[in-house]
Amino acid sequence: MNLHKLVTKHINKINRETDIIIHKFKESIITDFGENINIYDVIETKAQIQPINSEKLQHINNFNSSNTYRRLFLNGKQNSLSLNTNGDLIEFDNKLWLIVESPQSWDYSGWNEIVVCLQN
């Protein structure tokens, strides 16, 4: 049973879903000029975006207080998102955010949570 689908209309009254683009790392290639280029698959989906409280921030690996972080609750199964060296990226509000943590996943319920950090 997809619990997220059941409650989305009620949650949207308080915190509307936002269209996002997931840039899922596929591979890294090196050009003839020695430049390293990352290749990404693009997935369009929706998420609810929330600020993240200071208590939660303290538990993020490699936390940097000068960075901007957000919590995203993704609609659908996205359990294969990567926190590897190259990392997967999320795009919303014309900004790129690096996935830094995936603390909770309720794939059977139709959603999961990730923490992202704004990229400059």
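## Strand β3 and its partners

In this predicted model, the residue that bridges to A47 is L74, which lies in strand β3. This contact belongs to the pairing of β3 with strand β2 (residues 36–50), in which the two strands run in the antiparallel sense and are joined over four bridges. Strand β3 also pairs with strand β6 (residues 111–118), again in the antiparallel sense, and here the pairing extends over seven bridges. Within that second pairing, R71 stands opposite V115 of β6.

Strand β3 spans residues 69–75, and because five of its seven residues are buried, the strand is largely enclosed by the rest of the structure.

## Nonpolar cores

Both members of the A47 and L74 bridge reappear in the largest nonpolar core, which has 12 residues: I20, I22, A47, I49, L72, L74, I90, F92, W97, I99, I114 and V116. At least two residues of this core come from each of the strands β1 (18–30), β2, β3, β4 (89–92), β5 (95–106) and β6. A second core, separate from this one, is made up of six residues, among them I52, I60, Y69 and C117.

As a general background to such groupings, nonpolar side chains in soluble globular proteins tend to be buried together.

## Aromatic pairs

Two aromatic pairs are found in the structure. In one of them, the ring centres of F25 and Y40 are 6.0 Å apart and the planes meet at 75 degrees, so the arrangement is edge-to-face. This pair connects distant parts of the chain, since F25 is in strand β1 and Y40 is in strand β2, 15 residues apart. With a relative accessibility of 18%, F25 counts as buried, whereas Y40, with a relative accessible area of 24%, is partly exposed; the cut-off that separates the two classes is 20%.

The other pair is formed by F92 and W97, whose rings are stacked, with 5.0 Å from centre to centre and 5 degrees between the planes. F92 is buried at a relative accessible area of 4%, and W97 is likewise buried, with a value of 4%. Both F92 and W97 are also members of the 12-residue core described above.

## L98 in strand β5

L98 is located in strand β5 and is partly exposed, its relative accessible area being 23%. Although L98 and Q119 are 21 residues apart along the chain, their C-alpha atoms are separated by 6.5 Å.

Terms used. Residues numbered from 1 in each chain as written. Predicted model: local features only at pLDDT ≥ 70, side-chain atom pairs only at ≥ 80, totals over all residues. Heavy atoms only, no water. Buried < 20%, exposed > 50% of the residue type's maximum accessible area, 1.4 Å probe, protein only. Pairing = 2+ DSSP bridges. Core = buried A, V, L, I, M, F, W, Y, C linked by side-chain atoms within 4.5 Å. Phe/Tyr/Trp six-rings, centres within 6.5 Å; stacked < 30°, edge-to-face > 60°.
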